[in-house]
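Here are some notes to read alongside the model, for anyone opening it for the first time. They start with an enclosed space and work outwards from there.

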Amino acid sequence: AGSAGAFALGENSIYTTQAWNLFLDRLTPGGVLSVSRWYTINGRPPFETYRAAVLAAEVLKERGVKDPRSHILIYKAPIGLYNSDAATILVSPQPFSRAALTVLGTQVARLQFQPVLTPTTAINPTFAAIADPAGPQRAVETFTHEDMSAPTDGRPFFFQMANLRTILSHGLANNDVTVPILQPVIVLLLLGVIVLGLALTCIGLPLVLDRTKRAKRRGMAPFTVYFAAIGLGFLFVEVSQLLRLSVFLGAPVYGLTVVLFSLLVFSGIGSMLTERFVDPTRPRSFVPPLVALLALSVAFGLITPGIIAGADGATTPARIAISVGLIAPLALAMGMPFNVGMRAASRVPGTRTAFLWGVNGATSVCASVFGLAFSIFLGISMAFWTGAIAYAVALAAMLIIVRQLTNAHARNDPGDRLIGPPQPIVHSDSQPFPAG
């Protein structure tokens with residue numbers, strides 16, 4: 001299923017450098033880590049075995065091993081059904097002894113397995129280069145279209161082997177060996193193009209057709225930017241934390257039941273609490289919730305990796321409690337901007353709050369796709385920090401909005417004033433759940 005692309009876009013907490021270091025630490029004296037992956041399927045190159053070998057070599061390098069090749073053994077099984085075979089990778093914290101190699105050689109011959117990588121033989125130069133004493137990086141760089149780098153908890157996508165060069169290359173013929181690697185990514189990118197096109201159309205077309213006076217449209221620009229930014233910020237943060245904490249919790253199902261549930265519950269509470277902190281008649285009260293959100297985002301981004309690393313040996317209930325404790329403060333703050341923005345918009349007569357609601361929904365859908373793409377190609381942390389930057393943009397837009405409202409109130413000119421009494425917030429029950 002992994003080679004077919006079924007898991008290519010899903011995170012996997014087993015095949016990362018942090019996980020394999022933990023596995024090796026847990027071995028008893030003389031213990032060996034054994035991992036089996038597909039070698040070839042229908043004549044395709046052994047990409048999964050290559051990447052697993054790179055992962056093993058990188059972990060050994062991190063542990064200070066000077067000769068990884070003496071710690072790694074790879075054997076592949078005879079060709080089986082569907083013209084496929086599997087390879088078994090043996091990794092030992094200590095060099096394999098001559099006695100162990102002799103026993104293994106006897107069993108390999110009996111089972112008709114074939115050596116792929118041993119201290120004395122290599123089935124091709126690529127496997128020999130992966131186990132080079134200098135590390136696997138040079139071997140990784142020889143792959144022109146595939147990403148064979150060792151996955152980490154920051155990019156835990158073992159089965160996603162396409163890189164940006166692959167996507168930009170033209171080697172997409174039907175007989176190209178990279179096509180199976182590209183297929184899931186092409187689906188993701190096409191989805192991204194579609195939702196982005198729909199969002200730009202649904203946002204841009206009404207603005208083009210709007211016959212409102214140009215000065216008034218300029219006054220609405222900060223609102224449009226604000227609601228677009230909080231839609232992007234909410235989903236970028238949500239997607240990144242679903243991926244990050246799913247790895248920490250050990251299974252994607254916990255990511256949905258714990259992370260998503262906690263995020264939505266606490267953001268809903270935060271939206272409700274906004275009524276106590278925000279006074280629509282005092283525009284400056286719109287700013288503190290966004291400042292708090294940006295500060296919490298920065299703190300969360302800085303301290304979360306350390307907390308997760310420190311709790312990697314905790315039990316599942318403890319990990320769940322830690323995850324909820326990490327999410328709750330940030331989610332409370334993330335629930336406030338949408339309510340704050342709607343209250344600010346209600347102070348401007350004639351504001352199309354339903355349109356602003358739609359802007360928020362459209363950009364949040366885009367972020368749900370691009371958040372995953374950023375996590376896959378640039379890392380989960382980059383996806384999170386992109387969300388934080390979006391919230392910084394929202395704060396800047398709100399400062400402009402507050403200045404407009406304050407200036408209009410100060411002028412107090414009935415014929416020219418921008419600010420008015422609170423307007424009803426118009427929306428439909430069929431609208432999507434607001435992001436942020």
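1. The second largest cavity is lined by Val-237, Gln-241, Val-259, Leu-263, Phe-300, Ile-327, Leu-330, Ala-331 and Met-334. It holds about 50 Å³ of space, and a search of the whole structure finds two cavities of 30 Å³ or more. A cavity here is a set of points, on a 1 Å grid over the protein atoms alone, where a 1.4 Å probe fits but cannot get out, and lining residues have an atom within 4 Å of a point. Grid points are joined across faces, edges and corners, and a volume is the space filled by probe spheres set on the points.

2. Before going on, a word on what you're looking at: this is a predicted model, where local features need pLDDT of at least 70, side-chain atom pairs count only at pLDDT 80 or more, and totals for chains, interfaces and linings use all residues. Residues are numbered from 1 along each chain as its sequence is written, and side-chain values use heavy atoms, with hydrogens and water left out.

3. Which elements supply at least two residues each to the lining of that second largest cavity? They are α8, α9 (252-277) and α11 (316-334), with α11 giving the largest share, four residues. Helices (H or I, at least four residues) and strands (E, at least two) are DSSP runs, numbered from the N terminus. By class, this lining has eight nonpolar residues, one polar and no charged ones. For the classes, Ala, Val, Leu, Ile, Met, Phe, Trp, Tyr, Cys and Pro count as nonpolar, Asp, Glu, Lys and Arg as charged, and the others, Gly among them, as polar.

4. Now for the largest pocket, with a volume of about 560 Å³. Of its 20 lining residues, Gln-18, Asp-153, Val-247, Ile-308 and Asp-312 are the closest to the centre. Two or more lining residues come from each of α1 (17-26), α8 (214-249), α10 (287-310) and α14 (380-411), and α1 gives the most, with four. The mix is 10 nonpolar, six polar and four charged residues. A pocket, by the way, is an open set of points with protein on both sides within 12 Å along at least five of seven lines.

5. Zooming out, the protein has 14 helices and four strands. Of its 436 residues, 48% are buried, where buried means under 20% relative accessible area, exposed over 50%, and partly exposed in between (1.4 Å probe, protein chains only). Among contacts with a separation of 6 or more, 76% are between residues 24 or more positions apart; contact means heavy atoms within 4.5 Å.

6. How many aromatic pairs does a search of the whole structure find? There are 12, counting rings of Phe, Tyr and Trp (its six-membered ring) with centres within 6.5 Å; planes under 30 degrees apart are stacked, over 60 edge-to-face and the rest tilted. Tyr-39 and Phe-127 are stacked, because their ring centres are 6.3 Å apart and their planes at 15°. Tyr-39 is in strand β1 (residues 33-41) and Phe-127 in helix α4 (residues 125-130), so this pair ties together parts that are 88 residues apart in sequence. Both residues, Tyr-39 and Phe-127, are buried, and they form one aromatic cluster with Tyr-50 and Phe-143.

7. Phe-158 and Phe-159 make an edge-to-face pair, with ring centres 5.1 Å apart and planes at 85°. Both Phe-158 and Phe-159 are buried. Phe-158 also turns up among the contacts of Pro-151, along with Tyr-15, Thr-16, Thr-17, Arg-51, Leu-55 and Phe-157, leaving aside neighbours within four places in sequence. Pro-151 sits in the loop between α5 (137-141) and α6 (164-168), and counts as buried because its relative accessibility is 1%. Its C-alpha is 6.7 Å from that of Tyr-15, though Pro-151 and Tyr-15 are 136 residues apart in sequence.

8. One last residue to check is Gln-112, which has a positive phi of about 60° although it is not a glycine. Most residues other than glycine have a negative phi. Gln-112 is in the loop between α3 (98-110) and β4 (114-117), and with 62% relative accessibility it counts as exposed.
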